[in-house]
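Thanks for coming. I will take a few minutes to walk through one structure, and I will keep to what can be read from the atoms.

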Amino acid sequence: DCGGQTGLSGGKLYAEASAMWKNEGVGGFFRGLGASWGRDVPFYITFFSAYELLEGLVKTHLQSDPTEDLSPAAAFMCGGL
């Protein structure tokens with residue numbers, strides 16, 4: 001148990017990290033990583049796929065030259081929708 005996980009000063013942080021290493025090994029530092037990946041990977045796959053789809057639609061239907069980069073406002077709108 002690492003106690004409170006916020007507000008650890010330098011000496012206490014080192015002591016807690018040492019205790020974690022001693023009690024749980026290297027795996028203690030990666031606890032929860034699978035859950036984070038299970039949350040983040042599907043989100044980023046969806047986000048970037050939607051962005052690329054919207055970017056393609058904007059370039060082909062709303063821009064006069066589809067080979068140009070999107071304007072900052074258009075890129076913001078594709079990422080924000």
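**Salt bridges, helix 2 and the core**

I start with one pair: the side chains of R31 and E24 meet in a salt bridge, with a distance of 2.4 Å from N to O. Please keep in mind that this is a predicted model. R31 is exposed, at 58% relative accessible area. E24 counts as partly exposed, because its relative accessibility is 35% and the partly exposed class runs between 20% and 50%.

Now the chain as a whole. The protein chain has three helices and zero strands, and from the N terminus on its elements run α-α-α. Of its 81 residues, 15% count as buried. The accessible surface of the chain comes to about 6400 Å², and 65% of that belongs to carbon and sulfur atoms.

Back to the charged pairs. How many salt bridges are there by this rule? The count comes to four, and I will cover two more of them.

One is in helix 1, which covers residues 10-24. There, the side chains of K12 and E16 meet in a salt bridge at 4.0 Å, N to O. K12 and E16 are four residues apart in that helix, so about one helical turn separates them. In general, an α-helix has 3.6 residues a turn, so residues three or four places apart point the same way. As for exposure, K12 has 44% relative accessibility and counts as partly exposed. E16 is at 18%, and the limit for buried is under 20%, so E16 counts as buried.

The other is in helix 2. K59 forms a salt bridge with E55, and their closest N and O atoms are 3.9 Å apart. Both residues lie in helix 2, four residues apart, which is about one turn of the helix. Are these two residues buried or exposed? Both K59 and E55 are buried. For K59 the relative accessibility is 18%, and that is under the 20% limit, so K59 counts as buried.

What does K59 touch beyond its neighbours within four places in sequence? Its contacts there are P66, E68 and L70.

Staying with helix 2, its length can be checked. The helix has 29 residues, and at 1.5 Å a residue they should span 42 Å. The C-alpha atoms at its ends are 41 Å apart, which agrees.

Which residues of helix 2 are buried? They are Y51, E55, V58 and K59. Helix 3 is included in what covers them.

That leads to the core. The largest nonpolar core has five residues: Y51, V58, L70, A74 and C78. Two elements give two or more residues to this core, namely helix 2, residues 33-61, and helix 3, residues 72-80.

C78 shows how this part fits together. Setting aside neighbours within four places in sequence, C78 is in contact with Y51, L54, E55, V58 and L70. Among these, Y51, V58 and L70 are also core members. E55 is the residue that forms the salt bridge with K59. L70 comes up again as well, being one of the contacts of K59.

To recap: the chain is three helices with no strands, four salt bridges are counted, and the largest nonpolar core takes two or more residues from each of helix 2 and helix 3. That is all I have, and I am happy to take questions.

Key. Residues are numbered from 1 along each chain as its sequence is written. This is a predicted model: local features need pLDDT of at least 70, side-chain atom pairs count only at pLDDT 80 or more; totals for chains, interfaces and linings use all residues. Side-chain values use heavy atoms; hydrogens and water are left out. A nonpolar core is a set of buried Ala, Val, Leu, Ile, Met, Phe, Trp, Tyr and Cys residues joined through side-chain atoms within 4.5 Å. Buried means under 20% relative accessible area, exposed over 50%, partly exposed in between (1.4 Å probe, protein chains only). Contact means heavy atoms within 4.5 Å. The expected span of a helix is 1.5 Å times one less than its number of residues. Accessible areas come from the Shrake-Rupley method with a 1.4 Å probe; for residues, only the protein chains shown count as cover.
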